[in-house]
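Let's take a walk through this structure together, one region at a time. Keep the sequence and the 3D view at hand as you read.

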Amino acid sequence: MTFIVWIGVIIIIWILFKILNSTDAPKINGLPEAPGWPIFGSLFQLKENHYFALLKLAKRLGPVFQIRLGNKRIVVANSYDSIKELWIKNQFSLISRPMLYTFHTVVSSSSQIFTIGTSPWDESCKRRRKATATALNKPAVQSYMPIVDIESYTVINEILKECEDGRIDINIIPHLKRFALNTTLMFTYGTRFSSSFDKRLEEIVEIQAAMQRFRSISDNWQDYIPLLRLFPAKSSEANSYRLRRDHYLQILLDSLKKDIANDTEKPCIIGNILRDTTAKLNENEIKSIGMSLLSATLDTIPANIIYGISYLSSAHGQQIQERAYQEIQDVYPDGDAWEKCLVEERVPYVTALYKEILRYFTINPLSLPRQSISDIDYNGVIIPAGTLFFLNAFAGDYDENHFIDPYTFNPERYLGDVDSTPHFAYGAGSRMCLGSHLANRELFAFFIRFISAFRILEPNDPKDAAILDAIEANQTPTALVAEPKPFKCRFEPRNKKVLESWLEISRKRAENDEHSMRD
Ligand code: HEM
C-alpha cells in the first residue's frame with residue numbers, strides 16, 4: 001500500500017514539475033538550453049544585467065541557445081556571426097515582433113496603438129513602416145538638416161553661456177535631451193520647446209522613460225508568468241502613464257491639425273501625411289508613427305551623444321579629441337566644418353568615432369525582440385515558426401572573434417575598409433532601425449560641431465568624472481535603452497571669437513528659416 005502511495009506521489013510531483021516547466025513552445029531539439037527553475041525559468045539569472053548574463057551563458061552553452069523565461073521559450077543569439085546568420089540571412093523569417101502582456105495589453109489596452117518597433121508584422125505595420133521609411137530616406141533626411149543646425153546651435157550656445165570658459169563643471173544631460181526631443185518634434189509635428197526646463201518637456205521625458213521600463217525585457221515578469229497578472233499594482237501604474245502619453249500625443253496632433261487648417265504649419269512628416277489625401281493611413285496609424293519617432297529618438301540619440309561626450313572628457317578622450325580636431329582642420333582648413341557637416345560627411349575619423357560610440361556603448365543591448373513567421377534551419381537545428389528571438393547586440397558588438405580588443409574604445413577600428421554590418425547598435429535585417437541614417441547624420445554633425453567648438457575636459461571634482469566602462473556606466477541595465485549615469489565635465493572654447501561667429505550665422509539662419517522657433 002505505502003509503495004503505491006509513494007508511486008502516486010512521485011507521479012503527481014512529476015506531472016506538477018512538467019506543468020510548471022511547460023512553455024508556450026516545445027523544447028527545440030538540438031539547441032543547448034540554459035538551466036532554469038520551475039515557473040520562473042532563467043528569470044533570476046537575468047535580473048541584474050540581462051545582456052551580460054546572457055553573454056556569460058553563451059560562454060558555457062555556445063553562441064546560440066534556448067532559454068525559458070517563465071512560460072516563454074526564447075532563442076538568443078550572442079555572437080557576430082550567429083546574429084548575421086539568423087537576422088540577415090533569415091531576415092524574412094524574422095520579420096515579426098512578439099505581443100507582450102505589459103506593453104500590448106496594459107500600456108496600449110484601450111487605444112491599441114503600438115509603435116512600429118512593437119508591432120507584429122501585418123498589413124498595417126507594412127504601411128506604417130513604408131511611410132516612415134520614405135520620410136527617413138536620404139533626401140528626406142537632408143531636408144531635416146536645418147533642424148539639426150538650429151538644435152545643435154541652441155545646445156552649444158547654452159553650454160557656451162554656462163561653461164565660464166571651461167572653469168566650471170557642467171551636467172549636459174538636460175540640454176541634450178531637449179536637443180533630441182526638439183529635433184524629433186520639429187520633423188514629426190513641426191513644433192519645439194524653447195527651454196530645457198519646460199514643464200511639457202519634463203512630462204514627455206518622464207513618460208517616455210516610464211514607457212521604456214514597461215518594455216524592459218527582464219523587468220516585466222508578468223509578461224512571462226501569467227499568475228503575476230493577478231496582482232494589479234504594475235498594471236495600474238502602466239495604465240496611468242498610458243493615459244498621460246495619449247494626452248500629449250493628442251495635443252501634438254490636434255495643434256498640428258489646427259496649424260494645417262490655418263495654413264501655418266511648419267514642414268514636417270505627420271503634416272505631409274495628413275495633407276496627402278492618397279495616404280492610406282488612419283488616425284491611429286498616424287499616431288503610431290508619431291509615437292514611434294518620439295520614442296525612438298528621445299532615448300537613443302541623446303544617450304549616444306552623452307556617452308560619447310563622457311568618453312571624450314576622459315584622459316584617453318583627450319587624445320581622441322585632438323586627433324578628431326586635427327582631421328577636421330585638415331579637411332576644412334578655413335573653418336567651414338560648422339557649415340559643411342550639415343551637407344556632407346567628409347571626416348572619416350569623426351565617422352569612425354560615432355560608429356565606435358554606437359558599438360562600445362550599444363545602448364539597446366538586447367535590441368528589440370523578434371518573432372519568426374516561418375521555420376529556420378540553423379546549422380541543422382529546425383527552429384519552428386512562432387519562436388521568440390533575442391538579439392544580444394552587446395554580445396555581438398563585443399565578440400572577440402570579430403572585433404580586435406572589443407573592450408577598448410578605439411575609433412580606428414572603423415577606418416579603412418569597414419564591414420557592411422559595422423555593429424548591431426541598430427539591430428539587423430528586415431526590421432532594422434528605420435532612423436539609422438538620420439541618427440548617423442545627427443551624430444556626425446553634432447560631434448563635428450562640438451569638437452570644433454570646445455575642448456571637453458575632465459571635471460574639477462573627480463567624484464563627478466564619467467564612468468568609462470559601458471556596463472558600469474549604465475544606470476539601469478535592465479531597461480530597454482541604456483541610460484548614462486550622471487557625470488560632469490568642463491567645456492573650454494577653443495576659440496571663443498570664432499565660435500561666436502559660427503553661432504551668429506546659425507542664429508540668423510534660425511530666425512529666417514521656415515523651421516524657426518515658436519514658443
Ligand atoms: C542612435 C540612435 C538609434 C539607435 C541606437 C536605434 C536603435 C534601434 C534598434 C536596436 C531597433 C530594433 C532593430 C531590430 O529589431 O533589428 C530600432 C528600431 C527602430 N528605430 Fe531606431 N535607433 C536609433 C534612432 C532612431 C531614429 C532617429 C528613428 C526615427 C526617427 C528610429 C526609428 C526606429 C523605428 C521606427 C524602429 C522600428 C523598426 C521596425 O520595427 O520595423 N530610430 N532602432
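Two strands are said to pair if DSSP finds at least two bridges between them. Helices (H or I, at least four residues) and strands (E, at least two) are DSSP runs, numbered from the N terminus. This is a predicted model, in which local features need pLDDT of at least 70 and side-chain atom pairs count only at pLDDT 80 or more, while totals for chains, interfaces and linings use all residues. Residues are numbered from 1 along each chain as its sequence is written.

With those words in place, start at strand 7 (residues 454-457) and strand 8 (residues 490-493), which pair in the antiparallel sense over 4 bridges. Within this pair, Leu457 stands opposite Arg490 in strand 8. The side chains of strand 7 alternate: Phe454 and Ile456 point to one face and are buried, whereas Arg455 and Leu457 point to the other and are not. Here a residue is buried if 20 or more other C-beta atoms lie within 10 Å of its own, exposed if 12 or fewer, and partly exposed in between, with C-beta atoms placed from the backbone. The loop between strand 7 and strand 8 holds Pro462, which counts as exposed because it has 7 C-beta neighbours inside 10 Å. Pro462 and Phe487 are 25 residues apart in sequence, and their C-alpha atoms are 9.8 Å apart in space.

Now turn to the open sheet, where 4 strands follow the order 1-2-6-3 with mixed pairing. Strand 1 (64-69) and strand 3 (370-371) stand at the edges with a single partner strand each, so one side of each is left without a neighbour in the sheet. As background, strands of a sheet pair through backbone hydrogen bonds, either parallel or antiparallel.

You can follow the sheet across, strand by strand. Strand 1 and strand 2 (residues 72-77) pair in the antiparallel sense over 6 bridges, and Arg68 stands opposite Arg73 in strand 2. Strand 2 and strand 6 run parallel and are joined by 4 bridges; here Ala77 has Leu391 in strand 6 as its bridge partner. Strand 3 and strand 6 run antiparallel, with 2 bridges between them, and Gln371 has Leu388 as its bridge partner in strand 6. What do the side chains of strand 6 (residues 388-391) do? Leu388 and Phe390 point one way and Phe389 and Leu391 the other, and all are buried.

Next comes the ligand. Of the 27 residues around it, Ala296, Thr300, Gly427, Cys433 and Gly435 come nearest; a residue is near a molecule or strand if its C-beta atom, placed from the backbone, lies within 6 Å of it. Helix 6 (123-135), helix 12 (283-312) and helix 17 (436-453) are the elements that give two or more residues to this shell. The shell divides into 15 nonpolar, 10 polar and 2 charged residues, where Ala, Val, Leu, Ile, Met, Phe, Trp, Tyr, Cys and Pro count as nonpolar, Asp, Glu, Lys and Arg as charged, and the others, Gly among them, as polar.

Cys433 deserves a stop of its own. UniProt, in an unreviewed entry, lists Cys433 under "binding site"; UniProt positions are given in the numbering used here, feature names are shortened, and annotations may be inferred rather than shown by experiment. Cys433 is found in the loop between helix 16 (393-397) and helix 17, and is partly exposed, with 19 other C-beta atoms within 10 Å.

Which helix gives the most to the shell around the ligand? That is helix 12, with 7 residues. Of the 30 residues of helix 12, 28 are buried, so this helix is largely enclosed by the rest of the structure. Helix 12 also bends by about 30 degrees at Thr297, the bend being the angle between axes fitted to the seven residues ending there and the seven starting there.

Just beyond, in the loop between helix 12 and helix 13 (315-331), lies Ser314. Ser314 counts as buried because it has 20 C-beta neighbours inside 10 Å. Although Ser314 and Glu458 are 144 residues apart along the chain, their C-alpha atoms are separated by 5.8 Å.

Finally, look at two loop residues with a backbone detail in common. Glu164, in the loop between helix 7 (138-162) and helix 8 (173-189), has a positive phi near 45 degrees. Asp405, in the loop between helix 16 and helix 17, has a positive phi near 50 degrees. Most residues other than glycine have a negative phi. Glu164 counts as exposed, with 12 C-beta neighbours inside 10 Å, and Asp405 is exposed, with 9 other C-beta atoms within 10 Å.
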